[in-house]
Amino acid sequence: MTLEITNLATLRKTIDGWRAKGETIALVPTMGALHRGHMTLMLDAKEYADRVVASIFVNPTQFGPTEDFSKYPRTTAEDVALLKTDGIDAVWLPDVPTMYPQGFATTIHITGITETLEGPLRPGHFDGVATVVAKLFQQVQPDTVLFGEKDYQQLKLIERMVSDLNMNLKVLGTPTVREEDGLALSSRNRYLSPEDRRLAPQLHEALQQASRAMSQGKDVQSVLAEFRERLTDRGFALDYLELRHAETLMPLTSFQKPARLLVAAKLGTTRLIDNIAVE
Ligand code: AMP
């Protein structure tokens, strides 16, 4: 049975009940419109804890004024059905006034790691993410939380916040789940036109080919320049294609491990992000 919980008092009572029995708890935060990527996180979570809580909250504070908050897909009934099928213990479905009651005035701001890549392109986004995630951690009090490597910078800033604020929980990152053609699953893929959907896997292909060239010793800057040009020529409006230190996300001018190759680009009005490790 999957409990559908919409108020904080019920959530606390449920968590307290599990705790009283000595059970451990894993949390998987999401914005809903669940797909196989999310569900992989849920199933992984079962391996780490006695109880799994999924949260579904489309967090207004992480969307910029020109972003797609009102258009973001909301498919709660289907999401809950998927969670039930997979035997997830509870889904936490707070509404906006529960998360941000009148007078709400606190923001968590992480410096450094948030000031690059997605940060300058989406002002305020990571403050919104950090604040809502910190609230979810306080509400659910999990032992373990799971986040996808798909949102790699998000995963790294959450690890930073958990460490900096001595939050008593373990953060696990899980590999990106992809379509057969390599496209990373995303709730936003449904907005790709059929033509853009055919182009979209080239983002992952470019990551793989560029990564191979770099690990074979080719000059990092020329590889990046070549693949930036290639993606742009093929119709991607590129925000960035960058090689970064896998933990600090600082730029790497030559290939050294651990390294991560990250990309963000728009196809039509749909913004896609992806990343891979460079081995
Ligand atoms: P979202 O609902 O987009 O906020 O995503 C919720 C969680 O699912 C985040 O930790 C994401 O990184 C993760 N996630 C999203 N897409 C994928 C994917 N294709 N593979 C693995 N995890 C994913």
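## Exercises on a predicted model and its ligand

A nitrogen atom of the ligand sits 2.8 Å from a polar backbone atom of Leu185. Keep in mind that the model is predicted. With that starting point, let's work through some exercises.

### Exercise 1: The ligand and its shell

Work out which backbone atoms pair with the ligand, how much of the ligand the protein covers, and what the shell is made of.

Step 1. Start with the polar pairs. Besides the Leu185 pair, a ligand nitrogen lies 2.8 Å from a polar backbone atom of Val177. On the oxygen side, a ligand oxygen is 2.9 Å from a polar backbone atom of Met31. The protein covers 92% of the 480 Å² of accessible area that the ligand has on its own.

Step 2. Now count the shell. There are 17 residues around the ligand, and the closest are Met31, Gly148, Asp151, Val177 and Leu185.

Step 3. Sort them by type: eight are nonpolar, seven polar and two charged.

Step 4. Trace them back to secondary structure. Strand E2 (25–30), helix H2 (36–48) and strand E5 (144–148) each bring at least two shell residues. H2 gives the most, with three.

### Exercise 2: Two nonpolar cores

Find the largest nonpolar core, say who builds it, and look for another one.

Step 1. The largest nonpolar core has 41 residues, and Val53, Phe137, Ile158 and Met161 have the most contacts inside it.

Step 2. Which elements supply at least two residues each? They are helix H1 (8–20), E2, strand E4 (90–92), helix H6 (125–140), E5, H7 and strand E8 (259–267). H6 gives the most to this core, with nine residues.

Step 3. Zoom in on Ile158. Leaving out residues up to four places away in sequence, Ile158 touches Val129, Val133, Phe137, Phe147 and Val171.

Step 4. Then there's a second, separate core of 27 residues, including Phe227, Phe236, Ala265 and Val278. As background, nonpolar side chains tend to be buried together in soluble globular proteins.

### Exercise 3: Arg244 and its surroundings

Decide whether Arg244 is buried or exposed, and describe what packs around it.

Step 1. Place Arg244: it belongs to strand E7 (residues 237–245).

Step 2. Check the accessibility. Arg244 has a relative accessible area of 7%, so it counts as buried, the cut-off being under 20%.

Step 3. Look for a polar partner. A polar atom of the Arg244 side chain lies 2.9 Å from the backbone oxygen of Leu249.

Step 4. List contacts beyond four places in sequence: among them are Thr116, Leu117, Leu249, Pro258 and Arg260.

Step 5. Two of those contacts deserve a backbone check. Pro258, in the loop between E7 and E8, is joined to Lys257 by a cis peptide bond with omega about -5°. Leu117, in the loop between helix H4 (96–99) and helix H5 (118–121), has a phi near 50°.

### Exercise 4: Two positive phi values

Compare the settings of Leu117 and Asn166, starting from their phi angles.

Step 1. Recall the baseline: most residues other than glycine have a negative phi.

Step 2. Read the angles. Phi of Leu117 is near 50°, a positive value in a residue other than glycine. Phi of Asn166 is also positive, near 50°.

Step 3. Place Asn166: it is in the loop between H7 and strand E6 (170–174).

Step 4. Check the burial. Leu117 is buried at 7% relative accessible area, whereas Asn166 is exposed at 67%.

### Exercise 5: Three more residues

Describe Val52, Lys156 and Leu43 by element, accessibility and spatial relations.

Step 1. Val52 lies in strand E3 (residues 51–56) and is buried, with a relative accessible area of 1%. Its contacts beyond four places in sequence include Ala26, Val28, Met42, Ile88 and Ala90. Val52 and Thr24 are 28 residues apart in sequence, with C-alpha atoms 8.7 Å apart.

Step 2. Lys156 sits in helix H7 (residues 152–164). At 7% relative accessible area, Lys156 is buried. Setting aside residues up to four places away, Lys156 touches Ile113, Ala246 and Glu247.

Step 3. Leu43 is in helix H2, and its 38% relative accessibility makes it partly exposed. The C-alpha atoms of Leu43 and Ala105 are separated by 35 Å, with their positions 62 residues apart along the chain.

Definitions and conventions:
Residues are numbered from 1 along each chain as its sequence is written. This is a predicted model: local features need pLDDT of at least 70, side-chain atom pairs count only at pLDDT 80 or more; totals for chains, interfaces and linings use all residues. Side-chain values use heavy atoms; hydrogens and water are left out. Helices (H or I, at least four residues) and strands (E, at least two) are DSSP runs, numbered from the N terminus. Buried means under 20% relative accessible area, exposed over 50%, partly exposed in between (1.4 Å probe, protein chains only). Contact means heavy atoms within 4.5 Å. A residue is near a molecule or strand if one of its heavy atoms lies within 4 Å of it. A polar contact is a pair of N or O atoms within 3.5 Å; within protein, one must be able to donate a hydrogen and the other to accept it, and residues adjacent in sequence count only if both atoms are side-chain atoms. Accessible areas come from the Shrake-Rupley method with a 1.4 Å probe; for residues, only the protein chains shown count as cover. Ala, Val, Leu, Ile, Met, Phe, Trp, Tyr, Cys and Pro count as nonpolar, Asp, Glu, Lys and Arg as charged, and the others, Gly among them, as polar. A nonpolar core is a set of buried Ala, Val, Leu, Ile, Met, Phe, Trp, Tyr and Cys residues joined through side-chain atoms within 4.5 Å.
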